[in-house]
Amino acid sequence: MNVNFALLSPEYVLVGVAFVVLTVDFLLPREHRIHLSWLAAGGLLASAVVALVYRWDTFETLYDGLFIADDFGLFFFVFLTILTAVVVLISHDYVRQHVSQPGEFYALLVFAAVGMVGMAQAGELLTAYVSLELLSFSLYVLVAYRRDDALGNEAGVKYIILGAFSSAILLYGISMVWGATGTTYYGGIAEHLAANEGDLDPTLILGLALILAGLGFKVAAAPFHMWAPDAYQGAPTPVTAFLAVASKAAAFALILRLFTQGLMPALEEWQVLVAVLAAATMIIGNLVAIVQSNIKRLLAYSSVGQVGFLLVGIAALGEVDGGVVIPNGLASEAVILHLVGYAFANLAAFTTVIAVDNHIGTDELSGYRGLAQRSPFLALVMTVALFSLAGLPFFVGFLTKFYLFTAATEAGLLWLAGLAMAASVVSLYYYLMIIKRMFIDDVDESDLLPLRINVPGLSWVLLAALLIGTVGLGVYPQPLADAVGAASGAILPGA
Amino acid sequence: MDGFDGRVLSLLVVLPFAAAVALILWPGDEIRPMKWFAAGVALATTGLVVWVLLRFDYTDGAQYQFISETGWLDQLGIGYDLGVDGIAVAMLALTGIAFPAAILIGWNVDARSKDYLVLLNLLVGGVYGTFASLDLFFLFFFYEIAVLPMYLLIAYWGSSTSFRDFSRLKEYSAMKLVLFLVAGSVLIWIAIVAMFVESGLNTFSLIELQTVGFDESFQDWTFPLLMIGFGLLGGLWPLHTWSPDGHVSAPTSVSMLHAGVLMKLGAFGIIRVGIQTMPEGAEAWAPLLLGLGAVNVIYGSIAAMAQTDLKYVIGYSSVSHMGYVFLGLATLQTLGVTGAVLQMFSHGVMTALMFTLAGAIYQTSHTRDIGILSGLAKAMPVGAFFFAVAGFASLGLPGFSGFVAELLVFLGLFKTYPWIGALAVVGAGITAVYTLRLMAKVYFGETDPRWRGLPDLQLNEKLVAGTLALTLLVVGLAPFYLIDVIRDGVRHIPAVAG
């Protein structure tokens with residue numbers, strides 16, 4: 001077998017960056033270690049450049065499809081490494097204040113990135129699983145970083161236990177699928193499903209259900225979302241941002257590839273299941289978000305709601321018409337677009353949360369009273385981010401939701417699209433309540449904290465970039481849509 | 001179209017948004033230049049509207065004019081397409097009057113004026129965009145933009161109502177308004193994506209969708225979604241309850257824009273998206289629209305009669321007057337629909353005038369209680385004069401625009417549903433009762449010594465009231481130009497007979 005190991009060059013770069021960061025951490029004097037963030041972020045971006053150069057418009061596989069390098073993989077490689085780089089940069093201030101070993105922190109983020117790009121490019125269940133575990137193990141450590149804090153410990157323990165539990169479920173499901181089909185390759189599973197249409201082994205169905213449940217835990221879909229609010233609240237805020245944005249994007253990349261390349265022939269079996277999961281996730285996430293009083297918990301539930309919207313897209317990946325499965329390319333495009341839009345808006349929101357936390361020292365919503373007076377810029381960014389998450393125009397969220405719900409209707413799931421729109425209205429309520437706090441309410445009289453918040457230079461640049469991205473993609477989406485179209489075309493041909 | 005005519009609408013839509021961005025980035029804290037800048041922008045948009053009015057060719061049979069098409073998102077066939085017909089032109093004219101008027105009235109706002117102007121510009125940009133869009137995606141896009149700034153505008157700059165045993169927090173009214181309207185837009189949204197998929201053309205272009213000829217069964221379930229969803233913003237009974245609360249809590253200039261222009265977006269949407277793409281659906285559901293519209297007229301005017309808060313009277317009178325719009329639309333006759341659109345214009349101007357005057361009273365007397373306000377004409381003769389003009393237009397006195405509009409609606413109704421026509425005339429009678437009673441008490445009643453020293457209208461208020469009153473009078477005395485323009489748009493709608 002002739003294996004082209006050079007194909008993995010971008011991944012080598014990524015792993016190399018992680019080890020270099022770890023090593024340099026030992027060599028640098030303590031006070032300079034904070035600058036490792038630049039090394040890590042630069043390395044992540046460099047790997048993205050290498051990937052763009054090596055993998056532009058390629059379609060190649062390793063080991064008969066165990067690892068697939070295609071436009072979809074390339075898109076997510078670039079997307080995920082950029083996301084990680086942004087998270088590295090927004091954690092700069094946090095790490096300076098709270099972390100004694102910056103190298104360790106940043107190297108873990110880079111290792112997580114290695115896992116994530118693996119998830120997007122795996123063409124086989126066990127490779128996907130191992131990549132997912134690499135991500136998860138990095139996250140177990142990162143989530144539990146606030147060792148001397150009770151909430152931090154609670155978050156760490158919950159996340160590890162439920163993470164391990166869900167990994168076990170996932171692995172159990174994989175073993176059943178292997179038992180029933182004799183393969184773990186997505187392509188092989190698809191062939192088996194197509195050949196045995198209408199007469200599927202119950203073991204196989206059970207295995208698929210377990211895989212779905214395991215992945216449901218990872219993306220925090222209801223009813224498997226219980227860990228999310230506690231983990232989000234207890235984890236360091238930059239890690240929360242990473243959990244909410246990057247790890248979710250990677251998990252959906254895995255789901256997209258698995259469902260399009262592996263499970264599509266059995267659409268009839270899982271479509272209703274995913275649709276119900278989507279409906280439950282949207283309803284629970286958005287309703288429970290209303291009663292939250294902590295911004296990180298609120299954003300946790302809001303991102304549960306967003307996962308519901310993304311699952312609407314997964315359920316709409318195809319349509320069964322007269323016993324024939326017709327793939328729906330709009331849906332996979334919509335899911336990827338929504339992931340990008342969600343990433344911009346959510347990162348903007350979390351960067352604001354970090355800036356507020358660093359200066360006022362609280363994540364409670366009451367700390368946002370009168371933010372427009374404390375810092376008009378932060379209030380503006382937060383407003384734009386929340387409106388984008390709510391799916392309102394001018395912002396990328398409006399377009400991506402419009403795309404998503406059009407795709408769902410295209411697949412004949414108008415009821416689900418309608419429910420999703422209604423859930424959006426609910427989400428607007430709690431987003432508006434935050435906006436009311438920032439703009440309408442005055443700063444507490446008893447509040448002795450400084451009236452003005454000065455946003456440090458790096459955060460300011462990042463916030464401005466995220467703001468411009470959130471608005472810019474909402475106003476001029478064609479280039480992004482073309483890139484997404486190419487990515488989606490790689491996993492869902494003929495769409 | 002080439003040259004300036006091809007770009008004028010785009011400029012009109014972009015200008016308020018560009019102004020909003022410019023205001024956000026405005027260096028320095030001096031408010032006065034920002035106000036002048038905003039006024040300049042508002043007048044510039046009015047100038048563009050005048051250009052459109054002058055260049056609009058209503059002898060030509062072309063349905064849409066000033067068309068500009070720009071591809072935006074190929075995957076979904078979305079284009080930034082603009083163009084206007086006679087109906088939209090009338091609405092542009094209304095906005096062109098109301099926007100500078102609102103900016104001028106908002107001159108008195110001193111708290112965070114910058115944010116206030118930004119939001120006002122966003123709102124008006126959305127309004128212009130909705131009226132000018134020929135793409136369903138962008139129509140919805142601008143429609144949502146027009147609704148959203150209302151939340152902050154009411155919740156921050158508005159006023160809570162609390163007298164006797166009644167109270168309404170402004171935050172409550174603002175949230176109620178936004179959630180009602182966004183819930184309505186969910187219905188619209190469902191209809192829009194359903195139309196996209198059903199047509200199979202992979203386009204959101206309204207021009208193309210209007211010629212599809214959807215299945216009758218499809219039209220039968222989609223049209224009511226559009227009718228209720230858009231109707232909600234038009235104040236369609238029984239989903240109107242957000243409207244009086246919102247009007248009353250909003251600051252004066254926002255009430256003017258809201259009752260004057262924003263509510264018309266709803267009725268406009270019913271025509272543009274509903275009736276124009278779903279002729280058979282419109283026919284099937286016209287009786288319901290007719291019934292609800294009749295309730296609007298009667299219920300709104302009776303409710304207005306029972307109010308003790310000056311602004312609530314105007315708020316409920318808006319509900320009542322929008323009823324005539326729905327009645328006119330439901331006739332599906334050229335006369336009736338033309339009357340409905342003219343009523344949209346006329347009511348927009350009239351209600352803006354009323355809110356200006358109510359705002360002037362509230363600002364100086366700090367009360368809106370009709371029981372307390374009495375005999376203000378002595379102190380505010382100019383205010384009394386303009387209120388009389390607005391009142392006469394409201395009750396449909398000949399010579400004012402309201403008369404022409406309501407007459408056309410009545411004629412359309414008597415041709416199709418004479419009984420409802422009779423009911424509508426009764427509604428006009430009730431309107432006369434509460435309007436005249438209000439005028440008699442508040443302005444010409446026994447002079448209360450408390451109000452003797454009340455200052456009359458300020459210069460900006462006089463200017464605005466004068467312009468609005470003049471518009472009512474001009475359109476009332478010489479309605480032919482506007483009627484011709486509107487009828488040109490109406491007669492191109494396949495669903496409209498005669």
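How many of the 26 residues of helix 18 of chain A are buried? The count is 19, so helix 18 of chain A is largely enclosed by the rest of the structure. This helix is a good place to start a tour of the structure, which is a predicted model. Helix 18 of chain A covers residues 414-439, and at 1.5 Å a residue it should span 38 Å. The C-alpha atoms at its two ends lie 37 Å apart, which agrees with that expectation.

The confidence of the prediction comes next. The model as a whole scores ipTM 0.87 and pTM 0.91. In chain A the average pLDDT is 89, and 97% of the residues score at least 70. Within chain A, confidence is highest in helix 3 (residues 71-90), at a mean of 94, and lowest in helix 15 (residues 371-374), at 83. For chain B the mean pLDDT is 86, with 98% of its residues at 70 or more.

Each chain can then be taken as a whole, beginning with chain A. Chain A contains 20 helices and 4 strands. Its C-alpha trace extends about 70 × 55 × 40 Å along the principal axes. A compact globule of 495 residues would have a radius of gyration near 23 Å, and the 22 Å found for chain A agrees with this. Of these 495 residues, 61% count as buried. Among the contacts in chain A with a separation of 6 or more, 80% come from residues 24 or more positions apart.

Chain B is built from 19 helices and 6 strands. Along its principal axes, the C-alpha trace of chain B spans about 70 × 60 × 40 Å. The rule for a compact globule of 498 residues gives a radius of gyration near 23 Å, and chain B, with 21 Å, agrees. Buried residues make up 64% of chain B. Where contacts in chain B join residues at least 6 apart in sequence, 81% of them link residues at least 24 apart.

The two chains meet in a contact that takes 27 residues from chain A and 27 residues from chain B. On the chain B side, the elements giving two or more residues are strand 2 (71-73), helix 5 (136-147), helix 6 (149-157) and helix 7 (170-199). Helix 7 of chain B gives the most to this side, with 13 residues. Sorted by class, the side of chain B that touches chain A has 23 nonpolar residues, 1 polar residue and 3 charged residues.

A hairpin in chain A offers a smaller feature to look for. Strand 3 (residues 318-321) and strand 4 (residues 324-327) of chain A pair in the antiparallel sense over 4 bridges. One of the partnerships places D321(A) opposite V324(A), its bridge partner in strand 4 of chain A. Between the two strands of the hairpin sit 2 residues, and G322(A) in the turn has a positive phi of about 60°.

Some backbone details are also worth a visit. Most residues other than glycine have a negative phi, and most peptide bonds are trans. Against that background, the loop between helix 9 and helix 10 of chain A holds A220(A), whose phi is near 65°, a positive value in a residue other than glycine. A220(A) is buried, because 28 other C-beta atoms lie within 10 Å and 20 or more are enough for that label. The loop between helix 9 (202-219) and helix 10 (227-234) of chain A is also the place of P223(A). A cis peptide bond joins P223(A) to A222(A), with omega at about 5°.

Chain B has a cis peptide bond as well, between W237(B) and P238(B), with omega at about 0°. P238(B) is found in the loop between helix 9 (216-234) and helix 10 (242-249) of chain B. A positive phi in a residue other than glycine appears at N202(B), where the value is near 55°. N202(B) lies in the loop between helix 7 and helix 8 (206-209) of chain B. This residue is partly exposed, because 14 other C-beta atoms lie within 10 Å, a count that falls between the limits of 12 for exposed and 20 for buried.

Notes:
Residues numbered from 1 in each chain as written. Chains lettered and ligands numbered in written order. Predicted model: local features only at pLDDT ≥ 70, side-chain atom pairs only at ≥ 80, totals over all residues. Contact = placed C-beta atoms within 7 Å. Nonpolar A, V, L, I, M, F, W, Y, C, P; charged D, E, K, R; others polar. pLDDT = per-residue confidence, 0-100. Pairing = 2+ DSSP bridges. Expected span 1.5 Å × (residues − 1). Rg over C-alpha atoms; globule rule 2.2 N^0.38 Å.
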